[in-house]
Structure formats: C-alpha cells, structure tokens
Amino acid sequence: MNRFDFTPYRRTMVGFDRLFDLLETQGRFNSGDNYPPFNIERRGEDAYRITLAVAGFRPNDIDITAQQNLLVIQGKKGEETPAGQYIHVGIAQRGFERRFELADYVRVEGANLEDGLLTIDLVREVPEAMKPKKITVGAQKTLSVVKDAASDSAAA
C-alpha cells in the first residue's frame, strides 16, 4: 500500500487542504473494486466525458447524483428471477457505486445510456468574475478635482 506524507507541503502551502485530503483518501475509496470499468475523455478545453460499461442495466436501474464537487453514480439491479438455469454467469449482475471528484465550476451537462455504455458529459463553466482579464498599463485616466457651482459662488 502506498502512503504519501504531505506534512512538509501542508506547512508551506496555504489553502490546499482540500487537495491534500483528496489525495490521501483517494486510495481508500478506489483500492478494491474496479467495477464497472470506465473511461474519462477530454473532449475540448472545457468539456469532458465519463463512459461506464454497464451492460445489463436499464436507465431506471441507474441513479446519478451531482453534488458540489462530487458525482455519484449508482446502479441497482432489480430482483429478477431468470427464466432458465444458468450454467455460467460471466456478466456481472451486482450493484455498484462510482464516485468522481469534480473540480470547481464543473457541472453535469447530460447523461445517456446506449448499447451498454453510460456516457456522462461534463462542462467546466468558470464565472466571468473568475476569468483572467487583461489589464492595460498606462490606460488609466488622470484624476481631477470636480468643482460645483455652490463652492465657486462661496469662494467669490
């Protein structure tokens, strides 16, 4: 088991507590079960797609919950009795839960289940106030004193 010690970094890096906590706990959550398999794809500068192989699940068997910075995908199979007797069961019929930590300002745009693949499209939308702005040097107007008519007549 790999264990990282982030103590030296915690002493010198202010405001990264959440990142260090995520890195330390990531191994605990995803260490055992790799079901269902998934892909994460970058589709553009601010667009991503998560694809999960969920053969045998119907749309109403899958629950997708998006909270702040967390995407939880759960699959629950109904209690169905097979019509025949299985000799070999190679297709997993168990429920699952997958968790994905999302960056700030990433939201779920949509989800689709087709041909046994669940695709979830994600988009990062940075608010206008958080986007970088170009500041022009020397373009600021000089300040001048504004005189009103009442102060002009009092001075005379």
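This report describes a three-stranded sheet and two residues, lysine 77 and isoleucine 64, in a predicted model.

## The sheet

Three strands make up an open sheet, arranged in the order 3-4-5 with antiparallel pairing. Strand 3 (62–67) and strand 5 occupy the edges; each has a single partner strand, so one side of each is left without a neighbour in the sheet. On average, neighbouring strands of this sheet are turned by 10 degrees against each other, direction ignored.

The antiparallel pairing of strand 3 with strand 4 extends over six bridges. Within this region, glutamine 67 stands opposite leucine 70 of strand 4.

## Isoleucine 64

Isoleucine 64 belongs to strand 3. The residue has a relative accessible area of 31% and is therefore partly exposed. Setting aside neighbours within four places in sequence, isoleucine 64 is in contact with Leu71, Val72, Ile73, Ala111, Leu118 and Ile120.

Glutamine 74 is ten residues away from isoleucine 64 along the chain, and the C-alpha atoms of the two are separated by 6.4 Å.

## Lysine 77

Lysine 77 is located in the loop that runs between strand 4 (70–75) and strand 5 (96–101). Apart from neighbours within four places in sequence, its contacts are Gly56, Phe57, Asp61 and Gln93.

Lysine 77 is buried, yet it has no salt bridge. The nearest side chain of opposite charge is that of aspartate 61, at 4.2 Å, whereas a salt bridge requires the charged atoms to lie within 4 Å. A polar atom of the lysine 77 side chain does, however, lie 2.4 Å from the backbone oxygen of glycine 56.

Notes. Residues numbered from 1 in each chain as written. Predicted model: local features only at pLDDT ≥ 70, side-chain atom pairs only at ≥ 80, totals over all residues. Heavy atoms only, no water. Helix = DSSP H or I, 4+ residues; strand = E, 2+ residues; numbered from the N terminus. Buried < 20%, exposed > 50% of the residue type's maximum accessible area, 1.4 Å probe, protein only. Lys, Arg positive; Asp, Glu negative; His and termini not counted. Polar contact = N/O pair within 3.5 Å; in protein donor to acceptor, adjacent residues only side chain to side chain. Contact = heavy atoms within 4.5 Å. Pairing = 2+ DSSP bridges. Axes fitted to C-alpha atoms, helices over the stretch in contact; angles between N-to-C directions.
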